[in-house]
Amino acid sequence: MIGLSLKGIHKDFGSVRAVETTDLDFAEGELTALLGPSGCGKTTLLRMIAGLEDPSGGAIRLGERDITALPAHKRRFGMVFQSFALFPHLSVRENVVYSLVISGTSKQDAMDTGERLLDLVQLKEFGDRRIGELSGGQRQRVAIARALAQEPDVFLLDEPMSALDAKLREDMQVELRLLQQRLGITTIVVTHDQREAMTMADKIVVMSRGKVEQVGPPQDIYHRPANAFVADFIGKANFYDGVVEKGGVRVADTVLTRDPPAGFINGSDVRIACRPETPYLDSNDANGTRIKAKVTFVRDVGPARDIHLETEIGPMIVEYARGENQRDYVVGQETIVTLPTDGLHVFAKPGWAAE
Ligand code: ATP
(Lines give C-alpha, C1' and ligand atoms only; values in the text may rest on other atoms or scores of the structure.)
Protein backbone atom coordinates (compact mmCIF):
# COMPACT_ATOMS: atom_id res chain seq x y z
CA MET A 1 0.00 0.00 0.00
CA ILE A 2 1.19 3.48 -0.86
CA GLY A 3 0.46 7.01 0.36
CA LEU A 4 -0.76 9.79 -1.88
CA SER A 5 -0.03 13.51 -1.91
CA LEU A 6 -1.50 16.57 -3.62
CA LYS A 7 0.58 19.71 -4.23
CA GLY A 8 -1.11 22.91 -5.35
CA ILE A 9 -4.03 21.02 -6.93
CA HIS A 10 -6.90 23.21 -8.10
CA LYS A 11 -9.76 23.04 -10.57
CA ASP A 12 -11.64 25.69 -12.55
CA PHE A 13 -14.79 25.03 -14.56
CA GLY A 14 -14.82 28.16 -16.74
CA SER A 15 -15.01 31.03 -14.27
CA VAL A 16 -16.05 28.75 -11.37
CA ARG A 17 -13.20 27.65 -9.11
CA ALA A 18 -14.54 24.30 -7.88
CA VAL A 19 -11.41 23.44 -5.85
CA GLU A 20 -9.04 26.12 -4.49
CA THR A 21 -5.29 25.45 -4.45
CA THR A 22 -4.87 22.49 -2.12
CA ASP A 23 -1.97 20.60 -0.53
CA LEU A 24 -2.95 17.32 1.13
CA ASP A 25 -1.26 14.10 2.23
CA PHE A 26 -3.08 10.78 2.43
CA ALA A 27 -0.96 8.52 4.59
CA GLU A 28 -0.33 4.91 3.67
CA GLY A 29 -3.03 2.61 5.03
CA GLU A 30 -5.15 5.44 6.43
CA LEU A 31 -8.80 6.20 5.74
CA THR A 32 -9.39 9.89 5.00
CA ALA A 33 -12.87 11.40 4.69
CA LEU A 34 -13.46 14.41 2.42
CA LEU A 35 -16.34 16.06 4.24
CA GLY A 36 -18.39 19.13 3.40
CA PRO A 37 -21.77 20.44 2.28
CA SER A 38 -23.15 20.00 -1.22
CA GLY A 39 -21.13 21.87 -3.84
CA CYS A 40 -17.99 22.29 -1.69
CA GLY A 41 -15.80 20.53 -4.28
CA LYS A 42 -15.22 17.15 -2.61
CA THR A 43 -16.33 15.04 -5.61
CA THR A 44 -14.23 17.17 -7.96
CA LEU A 45 -11.21 16.63 -5.72
CA LEU A 46 -11.84 12.86 -5.63
CA ARG A 47 -12.30 12.73 -9.41
CA MET A 48 -8.96 14.51 -9.91
CA ILE A 49 -7.31 11.95 -7.64
CA ALA A 50 -8.97 9.15 -9.63
CA GLY A 51 -7.81 10.62 -12.96
CA LEU A 52 -11.40 11.21 -14.11
CA GLU A 53 -10.97 15.00 -14.09
CA ASP A 54 -7.88 16.93 -15.22
CA PRO A 55 -6.61 19.40 -12.62
CA SER A 56 -6.23 23.02 -13.80
CA GLY A 57 -2.86 23.00 -12.02
CA GLY A 58 -0.78 21.24 -9.40
CA ALA A 59 0.58 17.72 -9.02
CA ILE A 60 -0.55 14.35 -7.65
CA ARG A 61 2.04 11.89 -6.39
CA LEU A 62 1.59 8.23 -5.50
CA GLY A 63 4.53 7.41 -3.29
CA GLU A 64 7.49 8.93 -5.18
CA ARG A 65 5.79 8.82 -8.55
CA ASP A 66 4.11 11.81 -10.26
CA ILE A 67 0.80 10.47 -11.61
CA THR A 68 -0.85 13.80 -12.53
CA ALA A 69 -0.96 12.96 -16.25
CA LEU A 70 -1.54 9.22 -15.84
CA PRO A 71 -4.92 8.12 -17.29
CA ALA A 72 -7.48 6.71 -14.84
CA HIS A 73 -7.26 3.13 -16.08
CA LYS A 74 -3.50 3.06 -15.45
CA ARG A 75 -3.72 4.29 -11.85
CA ARG A 76 -4.66 1.00 -10.17
CA PHE A 77 -7.24 2.81 -8.05
CA GLY A 78 -10.42 1.01 -7.00
CA MET A 79 -13.57 3.14 -7.11
CA VAL A 80 -17.02 2.78 -5.60
CA PHE A 81 -19.60 5.27 -6.84
CA GLN A 82 -22.75 6.59 -5.19
CA SER A 83 -24.92 4.52 -7.58
CA PHE A 84 -22.59 1.46 -7.30
CA ALA A 85 -22.73 1.31 -11.17
CA LEU A 86 -23.06 -2.49 -11.24
CA PHE A 87 -23.91 -4.44 -14.40
CA PRO A 88 -27.54 -5.59 -13.90
CA HIS A 89 -27.37 -8.34 -16.56
CA LEU A 90 -24.36 -10.04 -14.92
CA SER A 91 -24.33 -12.20 -11.81
CA VAL A 92 -22.72 -11.07 -8.56
CA ARG A 93 -19.61 -13.17 -9.31
CA GLU A 94 -19.35 -11.87 -12.89
CA ASN A 95 -19.57 -8.29 -11.64
CA VAL A 96 -16.76 -8.87 -9.16
CA VAL A 97 -14.37 -10.48 -11.66
CA TYR A 98 -15.34 -8.35 -14.68
CA SER A 99 -12.24 -6.13 -14.64
CA LEU A 100 -9.96 -9.16 -14.23
CA VAL A 101 -11.52 -10.96 -17.19
CA ILE A 102 -11.25 -7.97 -19.54
CA SER A 103 -7.66 -7.33 -18.46
CA GLY A 104 -6.71 -10.84 -19.58
CA THR A 105 -6.42 -12.67 -16.24
CA SER A 106 -6.93 -16.41 -16.72
CA LYS A 107 -10.42 -17.67 -16.01
CA GLN A 108 -9.26 -19.85 -13.14
CA ASP A 109 -7.31 -17.01 -11.45
CA ALA A 110 -10.26 -14.65 -11.91
CA MET A 111 -12.64 -17.20 -10.36
CA ASP A 112 -10.28 -17.83 -7.42
CA THR A 113 -10.00 -14.09 -6.75
CA GLY A 114 -13.77 -13.75 -7.11
CA GLU A 115 -14.41 -16.42 -4.48
CA ARG A 116 -11.89 -14.85 -2.09
CA LEU A 117 -13.49 -11.40 -2.47
CA LEU A 118 -17.04 -12.72 -2.11
CA ASP A 119 -15.92 -14.37 1.09
CA LEU A 120 -14.29 -11.12 2.26
CA VAL A 121 -17.52 -9.13 1.81
CA GLN A 122 -19.65 -11.99 3.18
CA LEU A 123 -21.46 -12.77 -0.07
CA LYS A 124 -20.14 -16.27 -0.65
CA GLU A 125 -23.65 -17.68 -1.01
CA PHE A 126 -24.74 -14.98 -3.45
CA GLY A 127 -22.29 -15.44 -6.35
CA ASP A 128 -24.91 -16.69 -8.81
CA ARG A 129 -27.56 -14.11 -8.04
CA ARG A 130 -28.48 -11.24 -10.37
CA ILE A 131 -27.86 -7.73 -9.07
CA GLY A 132 -31.64 -7.05 -9.07
CA GLU A 133 -32.07 -9.83 -6.51
CA LEU A 134 -29.89 -8.12 -3.88
CA SER A 135 -30.63 -5.62 -1.12
CA GLY A 136 -28.97 -2.18 -1.12
CA GLY A 137 -26.35 -3.26 1.42
CA GLN A 138 -25.51 -6.39 -0.57
CA ARG A 139 -25.14 -4.34 -3.76
CA GLN A 140 -22.76 -2.04 -1.97
CA ARG A 141 -20.66 -5.02 -0.93
CA VAL A 142 -20.56 -6.25 -4.53
CA ALA A 143 -19.35 -2.79 -5.61
CA ILE A 144 -16.64 -2.91 -2.92
CA ALA A 145 -15.54 -6.42 -3.92
CA ARG A 146 -15.43 -5.38 -7.58
CA ALA A 147 -13.31 -2.33 -6.75
CA LEU A 148 -10.89 -4.50 -4.77
CA ALA A 149 -10.55 -7.15 -7.51
CA GLN A 150 -7.45 -5.61 -9.08
CA GLU A 151 -5.70 -5.14 -5.74
CA PRO A 152 -5.74 -1.35 -6.02
CA ASP A 153 -3.03 0.86 -4.50
CA VAL A 154 -5.72 3.30 -3.37
CA PHE A 155 -9.42 2.81 -2.70
CA LEU A 156 -11.75 5.74 -3.56
CA LEU A 157 -15.41 5.90 -2.53
CA ASP A 158 -17.87 8.64 -3.48
CA GLU A 159 -20.81 8.81 -1.03
CA PRO A 160 -20.83 4.99 -0.81
CA MET A 161 -23.66 4.85 1.75
CA SER A 162 -26.09 7.36 0.26
CA ALA A 163 -28.36 4.74 -1.34
CA LEU A 164 -28.79 2.88 1.96
CA ASP A 165 -31.34 3.53 4.69
CA ALA A 166 -30.17 5.02 7.99
CA LYS A 167 -29.84 1.82 10.04
CA LEU A 168 -28.04 -0.14 7.33
CA ARG A 169 -25.81 2.85 6.64
CA GLU A 170 -24.53 2.80 10.22
CA ASP A 171 -23.85 -0.95 10.06
CA MET A 172 -22.05 -0.65 6.73
CA GLN A 173 -19.87 2.20 7.99
CA VAL A 174 -18.51 -0.10 10.69
CA GLU A 175 -18.18 -3.02 8.27
CA LEU A 176 -16.35 -0.94 5.68
CA ARG A 177 -14.02 0.50 8.28
CA LEU A 178 -13.15 -2.95 9.66
CA LEU A 179 -12.54 -4.28 6.15
CA GLN A 180 -10.34 -1.29 5.27
CA GLN A 181 -8.29 -1.77 8.45
CA ARG A 182 -7.92 -5.46 7.77
CA LEU A 183 -6.65 -4.80 4.24
CA GLY A 184 -4.57 -1.78 5.31
CA ILE A 185 -5.44 -0.01 2.07
CA THR A 186 -5.05 3.76 1.63
CA THR A 187 -8.66 4.91 1.31
CA ILE A 188 -10.46 8.19 0.56
CA VAL A 189 -14.20 8.50 1.17
CA VAL A 190 -16.33 11.47 0.04
CA THR A 191 -19.26 12.17 2.34
CA HIS A 192 -21.48 15.03 3.46
CA ASP A 193 -22.39 13.12 6.66
CA GLN A 194 -20.25 14.11 9.64
CA ARG A 195 -21.26 11.06 11.66
CA GLU A 196 -20.15 8.82 8.81
CA ALA A 197 -16.81 10.63 8.61
CA MET A 198 -16.30 10.42 12.37
CA THR A 199 -17.20 6.72 12.45
CA MET A 200 -14.80 5.65 9.73
CA ALA A 201 -11.95 8.09 9.30
CA ASP A 202 -8.43 8.31 10.70
CA LYS A 203 -8.38 11.83 9.31
CA ILE A 204 -11.09 14.23 8.15
CA VAL A 205 -10.61 16.96 5.54
CA VAL A 206 -13.39 19.52 6.09
CA MET A 207 -14.17 21.52 2.94
CA SER A 208 -16.34 24.53 2.17
CA ARG A 209 -16.66 26.42 -1.10
CA GLY A 210 -13.73 24.66 -2.72
CA LYS A 211 -11.42 25.33 0.19
CA VAL A 212 -9.96 23.04 2.85
CA GLU A 213 -11.06 24.47 6.21
CA GLN A 214 -9.36 21.96 8.52
CA VAL A 215 -7.53 18.64 8.41
CA GLY A 216 -7.17 16.37 11.42
CA PRO A 217 -8.29 13.32 13.37
CA PRO A 218 -12.06 13.35 14.10
CA GLN A 219 -11.71 14.10 17.82
CA ASP A 220 -9.33 17.01 17.18
CA ILE A 221 -11.72 18.56 14.71
CA TYR A 222 -14.63 18.14 17.11
CA HIS A 223 -12.85 19.48 20.19
CA ARG A 224 -10.62 22.08 18.49
CA PRO A 225 -12.53 23.41 15.49
CA ALA A 226 -10.38 25.81 13.43
CA ASN A 227 -13.21 28.21 12.70
CA ALA A 228 -16.93 28.81 13.15
CA PHE A 229 -17.80 26.94 9.94
CA VAL A 230 -16.15 23.75 11.23
CA ALA A 231 -17.69 24.15 14.71
CA ASP A 232 -21.11 24.43 13.06
CA PHE A 233 -20.67 21.67 10.47
CA ILE A 234 -19.12 19.05 12.79
CA GLY A 235 -21.42 18.32 15.70
CA LYS A 236 -23.76 20.84 17.29
CA ALA A 237 -22.87 24.19 18.81
CA ASN A 238 -24.50 27.21 20.43
CA PHE A 239 -23.19 30.44 18.86
CA TYR A 240 -23.04 33.96 20.31
CA ASP A 241 -21.58 37.16 18.89
CA GLY A 242 -19.61 39.29 21.34
CA VAL A 243 -16.79 41.71 21.96
CA VAL A 244 -13.47 40.99 23.71
CA GLU A 245 -13.13 42.72 27.07
CA LYS A 246 -10.77 42.53 30.01
CA GLY A 247 -11.46 39.16 31.68
CA GLY A 248 -13.48 37.60 28.88
CA VAL A 249 -15.99 38.22 26.12
CA ARG A 250 -19.09 40.42 26.53
CA VAL A 251 -22.25 38.98 24.97
CA ALA A 252 -25.25 41.31 25.42
CA ASP A 253 -24.88 42.48 29.06
CA THR A 254 -23.00 39.42 30.30
CA VAL A 255 -19.25 38.94 30.39
CA LEU A 256 -18.41 35.28 29.75
CA THR A 257 -15.29 34.59 31.74
CA ARG A 258 -12.50 33.11 29.77
CA ASP A 259 -8.78 33.78 29.61
CA PRO A 260 -8.39 36.71 27.25
CA PRO A 261 -8.14 35.08 23.81
CA ALA A 262 -4.54 35.35 22.57
CA GLY A 263 -4.04 37.78 19.72
CA PHE A 264 -7.28 39.69 20.34
CA ILE A 265 -7.25 43.30 21.50
CA ASN A 266 -10.03 44.68 23.64
CA GLY A 267 -12.94 45.71 21.46
CA SER A 268 -12.43 42.92 18.85
CA ASP A 269 -15.66 41.44 17.46
CA VAL A 270 -15.74 37.68 17.97
CA ARG A 271 -18.08 34.72 17.67
CA ILE A 272 -18.23 32.23 20.52
CA ALA A 273 -19.16 28.56 20.10
CA CYS A 274 -20.13 26.23 22.90
CA ARG A 275 -20.94 22.51 22.42
CA PRO A 276 -24.32 21.57 23.98
CA GLU A 277 -22.71 18.96 26.24
CA THR A 278 -20.39 21.47 27.94
CA PRO A 279 -22.75 23.79 29.90
CA TYR A 280 -24.59 22.45 32.93
CA LEU A 281 -27.70 23.39 34.85
CA ASP A 282 -28.19 24.09 38.57
CA SER A 283 -24.61 23.40 39.54
CA ASN A 284 -22.50 25.27 42.06
CA ASP A 285 -19.33 24.80 40.07
CA ALA A 286 -17.59 28.16 40.24
CA ASN A 287 -15.35 27.64 37.23
CA GLY A 288 -17.49 29.38 34.65
CA THR A 289 -20.11 32.03 34.02
CA ARG A 290 -23.49 31.59 35.70
CA ILE A 291 -26.40 32.87 33.62
CA LYS A 292 -30.15 33.05 34.32
CA ALA A 293 -32.21 30.91 31.97
CA LYS A 294 -35.74 29.64 31.37
CA VAL A 295 -36.65 26.25 29.89
CA THR A 296 -38.47 26.56 26.54
CA PHE A 297 -38.51 22.94 25.35
CA VAL A 298 -37.32 19.50 26.44
CA ARG A 299 -36.51 16.77 23.95
CA ASP A 300 -35.88 13.30 25.32
CA VAL A 301 -34.64 10.95 22.59
CA GLY A 302 -33.66 8.03 24.86
CA PRO A 303 -29.88 8.04 25.15
CA ALA A 304 -29.76 11.84 25.49
CA ARG A 305 -31.95 14.74 26.62
CA ASP A 306 -31.79 18.23 25.08
CA ILE A 307 -32.95 21.10 27.25
CA HIS A 308 -33.71 24.22 25.22
CA LEU A 309 -33.30 27.49 27.11
CA GLU A 310 -33.83 31.19 26.67
CA THR A 311 -30.92 32.82 28.48
CA GLU A 312 -29.55 36.29 29.13
CA ILE A 313 -27.19 35.84 26.15
CA GLY A 314 -29.71 34.22 23.79
CA PRO A 315 -31.12 30.75 23.04
CA MET A 316 -29.07 27.77 24.20
CA ILE A 317 -29.34 23.99 24.01
CA VAL A 318 -27.86 21.93 26.85
CA GLU A 319 -27.51 18.20 26.24
CA TYR A 320 -27.29 15.54 28.93
CA ALA A 321 -26.50 11.89 28.32
CA ARG A 322 -29.00 9.53 29.98
CA GLY A 323 -28.49 9.41 33.73
CA GLU A 324 -26.15 12.41 33.79
CA ASN A 325 -28.60 14.82 35.43
CA GLN A 326 -31.58 13.17 37.09
CA ARG A 327 -33.59 16.36 37.66
CA ASP A 328 -36.82 16.93 35.77
CA TYR A 329 -37.09 20.05 33.66
CA VAL A 330 -40.40 21.46 32.46
CA VAL A 331 -41.23 24.27 30.08
CA GLY A 332 -41.34 27.64 31.86
CA GLN A 333 -39.05 26.54 34.70
CA GLU A 334 -36.34 29.02 35.76
CA THR A 335 -32.82 27.71 36.15
CA ILE A 336 -29.17 28.75 36.18
CA VAL A 337 -26.83 27.59 33.43
CA THR A 338 -23.06 27.55 33.96
CA LEU A 339 -20.81 28.01 30.94
CA PRO A 340 -17.41 26.50 31.81
CA THR A 341 -14.48 28.72 30.92
CA ASP A 342 -12.70 25.99 28.97
CA GLY A 343 -15.81 25.03 26.98
CA LEU A 344 -15.89 28.25 24.97
CA HIS A 345 -14.30 28.46 21.52
CA VAL A 346 -13.58 32.01 20.37
CA PHE A 347 -13.41 32.84 16.66
CA ALA A 348 -12.27 36.11 15.12
CA LYS A 349 -14.09 38.22 12.59
CA PRO A 350 -13.84 38.30 9.57
CA GLY A 351 -14.31 34.67 8.57
CA TRP A 352 -14.73 33.71 12.23
CA ALA A 353 -11.39 31.92 12.19
CA ALA A 354 -10.14 30.44 15.45
CA GLU A 355 -7.91 32.38 17.81
P1 ATP B 1 -22.25 17.18 -3.88
O2 ATP B 1 -22.13 16.71 -2.47
O3 ATP B 1 -23.54 17.92 -4.13
O4 ATP B 1 -21.94 16.13 -4.90
P5 ATP B 1 -19.56 18.29 -4.04
O6 ATP B 1 -19.03 18.84 -2.79
O7 ATP B 1 -19.11 16.94 -4.43
O8 ATP B 1 -21.14 18.37 -4.05
P9 ATP B 1 -18.65 19.11 -6.64
O10 ATP B 1 -19.55 18.16 -7.38
O11 ATP B 1 -17.22 18.79 -6.58
O12 ATP B 1 -19.19 19.35 -5.17
O13 ATP B 1 -18.83 20.56 -7.27
C14 ATP B 1 -18.09 21.68 -6.84
C15 ATP B 1 -18.47 22.90 -7.67
O16 ATP B 1 -18.07 22.73 -9.02
C17 ATP B 1 -19.97 23.16 -7.70
O18 ATP B 1 -20.17 24.55 -7.69
C19 ATP B 1 -20.39 22.56 -9.03
O20 ATP B 1 -21.54 23.20 -9.54
C21 ATP B 1 -19.17 22.82 -9.89
N22 ATP B 1 -19.00 21.78 -10.92
C23 ATP B 1 -18.77 20.47 -10.72
N24 ATP B 1 -18.62 19.81 -11.90
C25 ATP B 1 -18.76 20.74 -12.87
C26 ATP B 1 -18.72 20.69 -14.31
N27 ATP B 1 -18.46 19.55 -14.97
N28 ATP B 1 -18.90 21.85 -14.98
C29 ATP B 1 -19.11 23.01 -14.32
N30 ATP B 1 -19.17 23.12 -12.97
C31 ATP B 1 -19.01 22.00 -12.26
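Me: Let me start with one residue: is Ser208 buried or exposed?

Reply: Ser208 is buried, because its relative accessible area is 11%, and the cut-off for that label is under 20%. Please keep in mind that this is a predicted model, and that the values I give are computed from it.

Me: Which strand is Ser208 found in?

Reply: Ser208 belongs to strand β9, which covers residues 203–208.

Me: And what does the side chain of Ser208 make a polar contact with?

Reply: The partner is the side chain of Glu213, at 3.5 Å. As for the strand that holds Ser208, β9 is one of the members of an open sheet of 6 strands, whose order is β6-β7-β8-β3-β9-β10 and whose pairing is mixed.

Me: Which are the edge strands there?

Reply: They are β6 (77–80) and β10 (211–216), each of which pairs on one side only. From one strand to the next, the twist averages 15°.

Me: How many bridges join β6 to β7?

Reply: There are 4 bridges between β6 and strand β7 (residues 154–158), and the two strands run parallel. If you want a pair to look for in the structure, Met79 has Leu156 in β7 as its bridge partner.

Me: What comes before β6? Which loop does Arg76 lie in?

Reply: Arg76 sits in the loop between β5 (65–66) and β6. Its phi is near 55°, which is a positive value in a residue other than glycine. Arg76 counts as partly exposed because its relative accessible area is 46%, which falls between the 20% and 50% cut-offs.

Me: Changing topic, which residues are around the ligand?

Reply: Around the ligand you will find Phe13 and Ala18, and then Pro37, Ser38, Gly39, Cys40, Gly41, Lys42, Thr43 and Thr44. Sorted by class, this shell holds 4 nonpolar, 5 polar and 1 charged residues.

Me: What is 2.6 Å from an oxygen atom of the ligand?

Reply: That is an N or O atom in the side chain of Ser38. In the case of Gly39, a backbone N or O atom is 2.7 Å from an oxygen atom of the ligand, while for Lys42 a polar side-chain atom lies 2.7 Å from an oxygen atom of the ligand. Taken alone, the ligand exposes 630 Å², and the protein buries 56% of that.

Me: Which helix gives the most to the shell around the ligand?

Reply: Helix α1, made of residues 42–50, gives the most, with 3 residues.

Me: How many of the residues of α1 are buried?

Reply: In α1, 7 of the 9 residues are buried, so the helix is mostly covered. The buried ones are Lys42, Thr44, Leu45, Leu46, Met48, Ile49 and Ala50; Lys42 and Thr44 also appear among the residues around the ligand.

Me: What does Gly51 do just after α1?

Reply: Gly51 takes a positive phi of about 90° there.

Me: Moving further along the chain, how many bridges join β11 to β14?

Reply: Strand β11 (residues 238–245) is joined to strand β14 (residues 269–274) by 6 bridges, and these strands run antiparallel. One example is Asn238, whose bridge partner in β14 is Cys274. Strand β14 is also joined by 4 bridges to strand β20 (residues 345–348), again in an antiparallel arrangement, and there Ile272 has Val346 of β20 as its bridge partner.

Me: What about loops in that part? Where does Ala252 lie?

Reply: Ala252 lies in the loop between β12 (248–251) and β13 (254–257), and although it is not a glycine, it has a positive phi of about 55°.

Me: And where does Gly323 lie?

Reply: Gly323 is in the loop between β18 (314–321) and β19 (334–340). Gly323 counts as partly exposed, because its relative accessibility is 43%. The C-alpha atom of Gly323 is 8.8 Å from that of Pro303, with the two residues 20 apart along the chain.

Me: Last, the overall picture: how many helices and strands does the protein have?

Reply: The protein has 8 helices and 21 strands. Its C-alpha trace spans about 75 × 45 × 30 Å along the principal axes, and of the 355 residues in the protein, 50% are buried.

Definitions and conventions
Residues are numbered from 1 along each chain as its sequence is written. This is a predicted model: local features need pLDDT of at least 70, side-chain atom pairs count only at pLDDT 80 or more; totals for chains, interfaces and linings use all residues. Side-chain values use heavy atoms; hydrogens and water are left out. A residue is near a molecule or strand if one of its heavy atoms lies within 4 Å of it. A polar contact is a pair of N or O atoms within 3.5 Å; within protein, one must be able to donate a hydrogen and the other to accept it, and residues adjacent in sequence count only if both atoms are side-chain atoms. Accessible areas come from the Shrake-Rupley method with a 1.4 Å probe; for residues, only the protein chains shown count as cover. Ala, Val, Leu, Ile, Met, Phe, Trp, Tyr, Cys and Pro count as nonpolar, Asp, Glu, Lys and Arg as charged, and the others, Gly among them, as polar. Two strands pair if DSSP finds at least two bridges between them. Axes are lines fitted to C-alpha atoms, for helices over the stretch in contact, and angles run from 0 to 180 degrees between N-to-C directions. Buried means under 20% relative accessible area, exposed over 50%, partly exposed in between (1.4 Å probe, protein chains only).
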